[in-house]
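Reader: I would like to go through this structure with you and ask how its labels are earned. Could you set each value against its definition as we go?

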Amino acid sequence: MSDYKMIPCEHYDYLELACLRGYQLKIELIDGTQCQGQAITTQTRADNTEWLVIQQQQNKQSLRLDHIVAITPVDVNAEFGRMQIDTKQG
């Protein structure tokens, strides 16, 4: 998608850490909605868009990274707190 905006590498690193640790995340999206799920993996698709895959009960959901405003680990001993995602880099 030509309108995709890459996120900075340092923010991507937090998403990777969340996936590696399997954190439960509260996720805020640009449309104002929120969702929660376990971070599973990140993906880069053929059109060069990047996605976060989360597990929500019995379903997996893919969230485009430039649609995420912030992630907050719900886990008590998480290695980071709320992380705002910056998509100004392009």
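Author: Happily; here is a short conversation about folds, burial, contacts and cysteines. This is a predicted model, in which local features need pLDDT of at least 70, side-chain atom pairs count only at pLDDT 80 or more, and totals for chains, interfaces and linings use all residues. Residues are numbered from 1 along each chain as its sequence is written, and side-chain values use heavy atoms, with hydrogens and water left out.

Reader: What makes a stretch a helix or a strand, and how many of each does the protein have?

Author: Both are DSSP runs numbered from the N terminus: a helix is H or I over at least four residues, and a strand is E over at least two. By that rule the protein has one helix and six strands, and along the sequence they follow the pattern α-β-β-β-β-β-β.

Reader: How do you know whether the radius of gyration agrees with that of a compact globule?

Author: The radius is taken over C-alpha atoms, and the globule rule is 2.2 Å times the number of residues to the power 0.38. For 90 residues the rule gives a value near 12 Å, and the protein has 12 Å, so the two agree. The C-alpha trace spans about 35 × 25 × 25 Å along its principal axes.

Reader: Why is leucine 25 called buried?

Author: Buried means under 20% relative accessible area, exposed means over 50%, and partly exposed is in between (1.4 Å probe, protein chains only). Leucine 25 has 0% relative accessibility, so it counts as buried. Its place is in strand β1, residues 24-29. Of the 90 residues of the protein, 41% count as buried.

Reader: Which residues does leucine 25 contact, leaving aside neighbours within four places in sequence?

Author: A contact means heavy atoms within 4.5 Å. The partners of leucine 25 include Ala18, Cys35, Leu52 and Ile71. In addition, the C-alpha atoms of leucine 25 and aspartate 75 are 8.0 Å apart, although 50 residues separate them in sequence.

Reader: And what makes lysine 60 buried or exposed?

Author: Lysine 60 has a relative accessible area of 60%, so it is exposed. This residue lies in strand β4 and touches Val53, Ile54 and Gln55, not counting residues up to four places away in sequence.

Reader: What is the phi of asparagine 48, and where does this residue lie?

Author: Its phi is near 70°, a positive value in a residue other than glycine. Asparagine 48 lies in the loop between β2 (34-44) and β3 (50-56). With a relative accessible area of 55%, asparagine 48 is exposed. Glutamine 57 also has a positive phi, about 50°, although it is not a glycine. Glutamine 57 sits in the loop between β3 and β4 (59-64) and, with a relative accessible area of 76%, is exposed.

Reader: How many disulfides are there, and why does cysteine 9 not form one?

Author: A disulfide is a covalent bond between the sulfur atoms of two cysteines. Here the test is a pair of cysteine sulfur atoms within 2.5 Å, and the count comes to zero. The closest cysteine sulfur to that of cysteine 9 is in cysteine 19, 16 Å away, so it is too far for a bond. For cysteine 35 the closest cysteine sulfur is also in cysteine 19, at 13 Å, again too far for a bond. Cysteine 9 is exposed at 58% relative accessible area, whereas cysteine 35 is buried at 13%.
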